[in-house]
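Hi there,

Here is the structure I promised to pass on. Have a look at it first, and my notes follow underneath.

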Amino acid sequence: MNKNLSKLCWMICLIAFATPTFGQMGESIEAETMIEWSESRPLEWKDYTYRRIRLKGSMALTMVKHSVKGYLRNGLPEFEIKVLFRRPNSWTSDTTSLDLLGHEQLHFDIAELYRRKIEQEIIKLQKKKERKAAVYREEIKRVLAEFNVYSRRYDRESDHGKSRPEQARWKKEVEMGLKELHSN
């Protein structure tokens, strides 16, 4: 893949990954535009827009969003956090490669892993009876910054999914992390 195009795609991903929505969730989760992360609902190529790319090699872009809805309950901030796949902004140049689809699915799974990490940090603050919403927002931003670093490392070490051994190692690592942070 062209290095400049790769960097551009990565920058677009970072912007989407690092943009939580605070306050009331203003958008509805519609099947036509968003898919909420679910263990029982893996991504399929039909969820992506096909784009013909004139560069050599297959490419795809998975756009996800951490949606954060906050409210007060008994004087303490509470949050509903979702990981959403953004269909209109996600695309592929190859609707046949299962390896590429697996790589993109793992991006979605990593987003869910970090949703669970955010949830874990919120619970810690709630146990301390923290009342300031700003403290929660800062913690969410910190975890999302870690998410961005982790996602970049995943692409770099797996060579965007082209290294099968590294892709398999990452899949195992993320699956173990999801099990460790299993949420009800």
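A question to start with: is Lys 129 buried or exposed? Lys 129 is exposed, with a relative accessible area of 57%. You will find Lys 129 in the loop between helix 2 (98–127) and helix 3. Its phi is near 60 degrees, which is a positive value in a residue other than glycine.

Asp 159 makes a nice companion to look at. Asp 159 is not a glycine either, yet it has a positive phi of about 50 degrees. Asp 159 sits just after helix 3, in the loop between helix 3 and helix 4. Asp 159 is partly exposed, at a relative accessible area of 39%.

Before you go further, please keep in mind that this is a predicted model. The average pLDDT of the protein is 85, and 82% of the residues score at least 70. Among the elements, helix 4 (residues 164–180) has the highest mean pLDDT, 98, while helix 1 (residues 3–17) has the lowest, 40. Over residues 4–27 the pLDDT stays under 50, and for this stretch the model has 57 contacts beyond four places in sequence. Where pLDDT is low, the predicted coordinates should not be read in detail.

On to helix 3. Helix 3 covers residues 133–157, 25 residues in total, and reaches 36 Å from its first C-alpha to its last, close to the 36 Å expected at 1.5 Å a residue. Its buried residues include Tyr 136, Ile 140, Val 143, Leu 144, Phe 147, Tyr 150 and Tyr 154. Some polar side chains are on that list too, among them Glu 139, Asn 148 and Asp 155. Ring pairs link Phe 147, Tyr 150 and Tyr 154 with Tyr 114 and Trp 170 into a cluster.

How many aromatic pairs does a search of the whole structure find? The search finds eight. One pair worth opening in your viewer is Tyr 48 with Phe 85, which is edge-to-face, at 5.1 Å centre to centre and 65 degrees between the planes. Tyr 48 lies in the loop between strand 1 (34–36) and strand 2 (49–50) and Phe 85 in strand 5 (residues 76–86), so the pair ties together parts that are 37 residues apart in sequence. Both Tyr 48 and Phe 85 are buried.

Strand 5 deserves a look of its own. Eight of its eleven residues are buried, so to speak of it as mostly covered is fair. Strand 5 pairs with strand 4 (residues 64–73) in the antiparallel sense over ten bridges, and Leu 72 stands opposite Pro 77 there. The hairpin of strand 4 and strand 5 has two residues between the strands, and in it Asn 74 takes a positive phi near 55 degrees. Strand 5 also pairs with strand 1, again in the antiparallel sense, over three bridges, with Ile 35 opposite Phe 85.

Lastly, there is an open sheet of three strands in the order 2-6-3, with mixed pairing. Strand 2 and strand 3 (60–61) are its edge strands, each pairing on one side only. Strand 2 and strand 6 (residues 91–92) run parallel and are joined by two bridges; Thr 92 in strand 6 is the bridge partner of Tyr 50.

Happy browsing, and best wishes!

Terms used: Residues numbered from 1 in each chain as written. Predicted model: local features only at pLDDT ≥ 70, side-chain atom pairs only at ≥ 80, totals over all residues. Heavy atoms only, no water. Phe/Tyr/Trp six-rings, centres within 6.5 Å; stacked < 30°, edge-to-face > 60°. Helix = DSSP H or I, 4+ residues; strand = E, 2+ residues; numbered from the N terminus. Buried < 20%, exposed > 50% of the residue type's maximum accessible area, 1.4 Å probe, protein only. Expected span 1.5 Å × (residues − 1). Pairing = 2+ DSSP bridges. pLDDT = per-residue confidence, 0-100. Contact = heavy atoms within 4.5 Å.
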